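Student: Please select one part of this structure and examine it closely. I should like a connected account of how that part is built and what surrounds it.

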Amino acid sequence: MPDPVDIIVGRNVRQFRALRRVSQLELGEALGLTFQQIQKYEKGANRVSASKLHQIAVFLDVEISALFEGVSQFGSRVELSPDAYALALSYDKLSSSAGKEAVKTILTLMVGETAETAA
């Protein structure tokens with residue numbers, strides 16, 4: 001399973017690349033890589049080296065720190081099971097704030113019921 005940091009960095013690379021209207025092929029050629037390697041970076045399947053991160057930031061004209069936006073939340077994270085991690089990724093994909101609130105409410109209620117049952 002890919003590391004969450006690699007997934008976030010890959011997602012950020014993909015977003016900046018899309019904003020600049022640059023294809024995976026174009027980015028790959030600029031970095032001396034194949035578009036398949038760019039795909040792997042963007043999915044978090046392969047880690048991006050520091051030198052490639054620098055090249056990506058320069059090519060996409062962004063601060064290198066922008067490629068790590070959202071990573072700090074994992075600085076003191078607890079380890080998640082694969083199911084919990086997959087659920088968290090699905091939650092992040094929800095576009096509706098009402099949907100996110102509903103999921104939080106359901107989980108809060110279920111955790112409360114579990115605590116009451118155990119008491």
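Tutor: Helices are DSSP runs (H or I, at least four residues) numbered from the N terminus. The model is predicted, so local features need pLDDT of at least 70 and side-chain atom pairs pLDDT 80 or more, whereas totals for chains, interfaces and linings use all residues. Residues are numbered from 1 along each chain as its sequence is written, and side-chain values use heavy atoms, without hydrogens or water.

Consider helix H1, residues 4-19. At its N-terminal end, Asp-3 acts as a cap, with a side-chain oxygen 2.8 Å from the backbone nitrogen of Val-5. The 16 residues of H1 should span 22 Å at 1.5 Å a residue (counting one less than the number of residues), and the end C-alpha atoms are indeed 22 Å apart. Just after H1, Arg-21 adopts a positive phi of about 55°.

Several residues of H1 are buried (under 20% relative accessible area, 1.4 Å probe, protein chains only), among them Ile-7, Ile-8, Val-9, Val-13 and Phe-16. Polar and charged residues also belong to this buried set, including Asp-6, Asn-12 and Arg-17. The buried residues of H1 pack (heavy atoms within 4.5 Å) against four helices: H2 (24-31), H3 (35-43), H4 (50-60) and H5. H5 itself comprises residues 82-93.

Arg-14, also in H1, counts as partly exposed because its relative accessibility is 34%, between the 20% and 50% limits. Although 25 residues separate Arg-14 from Gln-39 in sequence, their C-alpha atoms are 8.8 Å apart in space.

Terms used. Helices (H or I, at least four residues) and strands (E, at least two) are DSSP runs, numbered from the N terminus. A polar contact is a pair of N or O atoms within 3.5 Å; within protein, one must be able to donate a hydrogen and the other to accept it, and residues adjacent in sequence count only if both atoms are side-chain atoms.
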